[in-house]
Amino acid sequence: MDKLLIRGGRPLHGTVMISGAKNAALPELCAALLTAEPVTLRNVPRLQDVATMLKLIRNMGVSTQQADDGSVVLNASSLNNPEAPYELVKTMRASVLALGPLLARFGHARVSLPGGCAIGSRPVDQHIKGLTAMGAEIAVEHGYMVAKLPAGRTRLKGARIATDMVTVTGTENFMMAAVLAEGKTILENAAQEPEIPDLAEMLIQMGAHIEGHGTSRIVIHGVETLHGCTHQVVADRIETGTFLCAVAAAGGDVVAQHGRIEHLEAVVEKLRDAGVMVSKLADGIRVQSGGARQLRAQNFRTTEYPGFPTDMQAQFMALNTVAQGSALVTETIFENRFMHVNELVRLGANIQIDGKVAMVEGVHALSGATVMATDLRASASLVIAGLVAEGETLIDRIYHLDRGYDQMEAKLRGLGADIERVKS
């Protein structure tokens, strides 16, 4: 099993290329199931979850061609097995995104209940509720969601869908299902994350009629068929934010190429309040920092976009551990997303947890130790902590990191970090 070995204390300098967003690429790979014509996606990140999704859709009979430049060509004209088996999706919650497209195009689907990071409940009941409103009949049998259209129907029907909570994958699933449904579908309480309008723009290129994407109310007018397209996956805002926090904590001057500051306004505001210089460039973001001892700890509260993202909570907490003063970090999205705290404490951080609130008191220095990653973003927080810790930090279970970051250690090494992947 691979581990990351980091020798801390080096500032970061140079340019880092931000990869395509995992949370955009995964639904867009599923969107290719909606048409029998070829679809080309560019800037697809090289991640474990992407590899799993490609394996999943190949298992359905879809042909895929990958190139070294990050492009993937998909052809679902010969799709003959609209099923997502447990063996292929047990480590990836995004597998639920196959349900809407398969049901919309073929009228039936069998998708395993998904797995993924153990960071709390992310139920699929909202997906079932919304697709049922569109006329689907869905039963949960033996760990699978088994969906079909009623006898005599060949297409889903438009509906008004108001979810009980804001759900990104739910919004994506409903949008992909609705583009081939009869009539008009209105999504109320829709997610507004940048990955939503990116998926919508891809679907529009394929011939879909969508309005309001990027707002809380999306209107989709169904069409009978979609055609192929070429689409560039939007830059990963969470990878961007992770590198911004890494430079803030370690110090240095870095350009995050392709990063979009308008997708990270809540994080950038907190970084600036902490004493970090963040500037918008024509095609990227420049971040300049004097390092940990010039940082001021910041309170923040996670919430739905455009608020502070839960996927940046662990990384910014790592920054707070070495900043001047104290801060309160409130997690409102997932009930079990402080698992990285015990590992940060092993590195010398001073953190106390009270329910949904973590109280962080900045320390003079962290000290390298052996730590264990518990989920994707926890892994990133430990990398940031390792970059500023004195001595060597060894991070175990980095397969979590590989699920969401494209060659992170290579990119950090290119900025001057002393980091390497080692075998057990």
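**Salt bridges, helix packing and loop details in a predicted model**

The side chains of Asp-49 and Arg-403 meet in a salt bridge, with an N to O distance of 3.0 Å. This pair ties together distant parts of the chain: Asp-49 sits in helix H2, Arg-403 belongs to the loop between H13 and H14, and 354 residues separate the two. Both ends of the bridge are tucked away in this predicted model. Asp-49 has a relative accessibility of 2% and so counts as buried, and Arg-403, at 11%, counts as buried too.

A second bridge also involves the loop between H13 and helix H14 (408–414), where Asp-406 is found. Its partner is Arg-46, at 3.6 Å, N to O. Arg-46 lies in the loop between strand E3 (39–42) and helix H2 (48–59), 360 residues from Asp-406. Here the two ends fare differently as far as burial goes: Asp-406 counts as buried because its relative accessibility is 5%, under the 20% cut-off, whereas Arg-46 is exposed, with a relative accessible area of 56%.

A third bridge joins Asp-2 and Arg-421, whose side chains meet at 3.2 Å, N to O. In this case the link runs between strands, with Asp-2 in strand E1 (residues 2–7) and Arg-421 in strand E24 (residues 418–423), 419 residues apart. Arg-421 counts as partly exposed, at 30% relative accessibility. The pair doesn't stand alone, either: Asp-2, Asp-402, Glu-409, Arg-421 and Lys-423 are linked in a network of salt bridges. Over the whole structure, a search turns up 23 salt bridges.

Asp-375 tells another story. This residue is buried and yet has no salt bridge. The nearest side chain of opposite charge is that of Arg-337, 4.7 Å away. That distance falls outside the 4 Å limit for a salt bridge, so the two are not counted as a pair. What does Asp-375 have within reach, if we look at the backbone nitrogen of Ala-378? A polar atom of the Asp-375 side chain lies 2.9 Å from that nitrogen, and the backbone nitrogen of Arg-377 is 3.2 Å from a polar atom of the Asp-375 side chain. Asp-375 itself is in the loop between strand E22 (370–372) and helix H12 (376–388).

Turning to the helices, how much of H4 (residues 99–106) is buried? The count is 6 of its 8 residues, so the helix is largely enclosed by the rest of the structure. The buried ones are Leu-99, Gly-100, Pro-101, Leu-102, Leu-103 and Ala-104. They pack against a mix of elements: helices H1 (22–31), H5 (125–133) and H6 (168–178), plus strands E6 (83–84), E7 (108–112) and E9 (144–148). Just after H4, Gly-107 takes a positive phi of about 85°.

Helices H8 (residues 237–250) and H10 (residues 313–320) make up a packed pair, with axes that come within 9 Å and cross at roughly 5°. The two helices are therefore roughly parallel to each other. On the H8 side the contact is made by Ile-238, Thr-242, Cys-245 and Ala-248, and on the H10 side by Gln-315, Phe-316 and Leu-319.

Ala-248 turns up again around Gly-291, which touches Ala-248, Ala-249, Ala-250 and Gly-251, leaving aside residues up to four places away in sequence. Gly-291 is in the loop between strand E17 (284–289) and strand E18 (300–301), and is buried, with a relative accessible area of 5%. Gly-291 and Ala-246 are 45 residues apart in sequence, with a C-alpha to C-alpha distance of 9.6 Å.

A few backbone details are worth a look as well. Tyr-305 and Pro-306 are joined by a cis peptide bond, with omega of about 15°, and Pro-306 is part of the loop between E18 and H10. Asn-189 has a phi near 60°, a positive value in a residue other than glycine, as does Arg-397, also near 60°. Asn-189 sits in the loop between strand E11 (184–188) and helix H7 (195–205) and is partly exposed, at 32% relative accessible area. Arg-397 is in the loop between strand E23 (392–396) and helix H13 (399–402) and counts as partly exposed, at 35%.

Technical notes
Residues are numbered from 1 along each chain as its sequence is written. This is a predicted model: local features need pLDDT of at least 70, side-chain atom pairs count only at pLDDT 80 or more; totals for chains, interfaces and linings use all residues. Side-chain values use heavy atoms; hydrogens and water are left out. Helices (H or I, at least four residues) and strands (E, at least two) are DSSP runs, numbered from the N terminus. Buried means under 20% relative accessible area, exposed over 50%, partly exposed in between (1.4 Å probe, protein chains only). Contact means heavy atoms within 4.5 Å. Lys and Arg count as positive and Asp and Glu as negative; His and the chain ends are not counted. A polar contact is a pair of N or O atoms within 3.5 Å; within protein, one must be able to donate a hydrogen and the other to accept it, and residues adjacent in sequence count only if both atoms are side-chain atoms. Axes are lines fitted to C-alpha atoms, for helices over the stretch in contact, and angles run from 0 to 180 degrees between N-to-C directions. Angles under 35 degrees count as roughly parallel, over 145 as roughly antiparallel, 65 to 115 as roughly perpendicular and the rest as oblique.
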